[in-house]
Structure formats: C-alpha cells, structure tokens
Amino acid sequence: MKATATRDSGYRHVVRVRSHDVSVDEPTETGGTDAGPSPQELLAASLASCTAVTMEMYATRKGWDIGGVEVACEYTPAERGCPTRFGIVVRLPDSLTDEQVERLRVIAAKCPVHRTLDGEVMFDERVERVSLAH
C-alpha cells in the first residue's frame, strides 16, 4: 500500500492513493486553509472506516443483514508521558441479536488499522534530494 503527498500550496497537499486524490490541509487556526481534513483527522477516519468495513464484511460472510452501521472515532494525540487515545463508538441497528452484537464488537477490534495501531510499529525512513516540479 502506498500514498504520496505532494504540496499544493501552504499546508495543503494532494495525497495520491492508487488512482484517488485526497486533499489534506490544516485548519485555519493552525495556519492552513481548511481545504480538507488534517493528517491526524485522516488517522481517525482510517480507523472508523476500517472498523465499519471489517464488521460489514464479517456480517456479509455470515449472511447477516445488519443494515446501517455507523462508527465514530475520536482521536487524542499523545502528550508527553501519556498514551495516544482513540475513542470508538459503534452504532448498530437495534434489531440485531445480543450474539450478533457481541461477535461484531469482537470483530471490530480486529480490523487491520486497529491491529496496526495496537501493535509494534517500525519506520524505515530516508531522505532523497531531487528536483521537484512546483
């Protein structure tokens, strides 16, 4: 999986993922133009959407019609000496059985983004000097 961020103007960047472009920017209060979500908001969006898709895929495999699913994610970046905190609220139809809700709750915590954030992360970083188009 690959994403490439290219500066547009100010703090605004266009992020290319496969054939998709996503505008990313900072809010006006931090010097951006609010032309898109911030990188940290995209992290919360990744967790929320991955959780929802994982539950929906599981339900489809089980033959369950779970109707509308909503996942809300709030993200509090780590401060010195404190852990990063994610608050996740999963909203499911009240027509589901207790057993279905419990299975979906367990599956939600197994989505790939959740597992990545919960596990050990390593970075392989390098800087390349090149001529970039403006």
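The paragraphs below look at a pocket and then at some cysteines in this structure, which is a predicted model.

We begin with empty space. Rolling a probe the size of a water molecule over the atoms shows where such space is left. In this model the largest pocket has a volume of about 770 Å³, and its lining is made up of 19 residues. Those that lie nearest the centre of this pocket are Ala3, Val17, Leu42, Leu43 and Ser46. Looking at the elements of the fold, you will find that two or more lining residues come from each of the strands β1 (4-9), β2 (12-17) and β3 (20-24), and likewise from each of the helices α1 (39-62) and α3 (112-118). The largest share belongs to α1, which gives four residues to the lining of the largest pocket. When the lining residues are sorted by class, 14 are nonpolar, four are polar and one is charged.

We turn next to the cysteines. How many disulfides does the model have? The count comes to zero, and the distances between sulfur atoms help to explain this, because a pair of cysteine sulfur atoms must lie within 2.5 Å to count as a disulfide. For Cys73 the closest cysteine sulfur is that of Cys111, at 9.5 Å, which is too far for a bond. Cys111 is in no disulfide either, and its nearest cysteine sulfur, that of Cys50, is 3.4 Å away.

Are Cys73 and Cys111 buried or exposed? Cys73 is buried, because its relative accessible area is 17%, and residues under 20% count as buried. Cys111, at 0% relative accessibility, counts as buried too.

Definitions and conventions. Residues numbered from 1 in each chain as written. Predicted model: local features only at pLDDT ≥ 70, side-chain atom pairs only at ≥ 80, totals over all residues. Heavy atoms only, no water. 1 Å grid on protein atoms, 1.4 Å probe; cavity = no way out; pocket = protein on both sides within 12 Å on 5 of 7 lines; lining within 4 Å. Points joined across faces, edges and corners; volume = space filled by probe spheres on them. Nonpolar A, V, L, I, M, F, W, Y, C, P; charged D, E, K, R; others polar. Buried < 20%, exposed > 50% of the residue type's maximum accessible area, 1.4 Å probe, protein only.
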